[in-house]
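Me: Could we go through a structure together? I would like to ask about its strands and its internal space.

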Amino acid sequence: MIEIAIQAARAAGSYLKECFNEKSIPDEELHNDVKLPEDKESERRIIEVLHRHFPAHSIYSEEVGALDREEEYLWIIDPLDGTNNYFIGYPYFSVSIALQHAGEIVLGVVYNPIADQMFWAEKGKGAFLNGNPLHVNERAERKMAVGTYVRGRHSVTREQELAFTEPFMLETKRLMRNVGPALDWCLLARGWIDYVVMQKSGIMDVAAGILIAQEANARVTYWDGSPYQHQPFDETHLPSLLATNGVLHEELRKLIAE
């Protein structure tokens, strides 16, 4: 199944890369979001590949919503994670595809078409970037840590964001907000960054990235320190998570408590 997921991600990613330097005309532009025709076409290409190979599987995708078929298998798709970045010409976006089986995420693919970075993982089999194994880094000094912040688009106010992120900005080397969370989790898996902190954000665009990070030995917990457990997909579920290289986990969790 992982080969088909990679094939679907490439089909969509190749299209997005081809269109990237063209001026995109939005279907709708909102205060904090934008709807692009490229989202829909990327989604169509992914679904076409998946349904050709797995016609009985269900799909949940950002644009079309739920395509309910067989409940045991559910593909969770974000056809263009980082739509706002794509729209303004910032090359930090991806195609994200995860497969839930019997309530657990069993594989994930995140593809950055601009850099041709294909991240993938299967549960219990490790994580990979273009075929090379991934592992989180071993950085131990909080002051030198670099991380990213992911927040729910409609569940966190700007005032709450500023209050929450201030300790991370002051007590770590750098806190970025890339607005492309699927790739953020992959940066952690690759060891390029040291942590991801997520505040009341949906699972759809990060399900694949979380599995990739976990399979690269990242430690992922809720803010209270309890281990993260994937729940059967529900678009209204908005968990707050901390993911790190493991070494820095408790040091960084103190910043949440403060």
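Reply: The exchange below concerns one strand and its partners, and then the cavity. This is a predicted model, in which local features need pLDDT of at least 70, side-chain atom pairs count only at pLDDT 80 or more, and totals for chains, interfaces and linings use all residues. Residues are numbered from 1 along each chain as its sequence is written, and side-chain values use heavy atoms, with hydrogens and water left out.

Me: How many residues of β11 are buried?

Reply: In strand β11, residues 146-151, 6 of 6 residues are buried (under 20% relative accessible area with a 1.4 Å probe, protein chains only; strands are DSSP runs of E with at least two residues, numbered from the N terminus). Val146, Thr148 and Val150 cover one side, and Gly147, Tyr149 and Arg151 the other.

Me: Which strand does β11 pair with over 5 bridges?

Reply: That is β13, residues 195-199, in the parallel sense; pairing requires at least two DSSP bridges between two strands. Val150 has Met198 as its bridge partner there.

Me: And what joins β11 to β12?

Reply: There are 3 bridges to β12, residues 174-176, and the two strands run parallel. Thr148 stands opposite Met176.

Me: Changing topic, which residues line the largest cavity?

Reply: The lining consists of Ile203, Tyr228, His230, Gln231, Pro232, Phe233, Asp234 and His237. A cavity is a set of points on a 1 Å grid over the protein atoms alone where a 1.4 Å probe fits but cannot get out, and lining residues have an atom within 4 Å of a point.

Me: How much space lies in it?

Reply: About 50 Å³ lies in the largest cavity, with volume taken as the space filled by probe spheres set on the points.

Methods: On a 1 Å grid over the protein atoms alone, a cavity is a set of points where a 1.4 Å probe fits but cannot get out, and a pocket is an open set with protein on both sides within 12 Å along at least five of seven lines; lining residues have an atom within 4 Å of a point. Buried means under 20% relative accessible area, exposed over 50%, partly exposed in between (1.4 Å probe, protein chains only). Helices (H or I, at least four residues) and strands (E, at least two) are DSSP runs, numbered from the N terminus.
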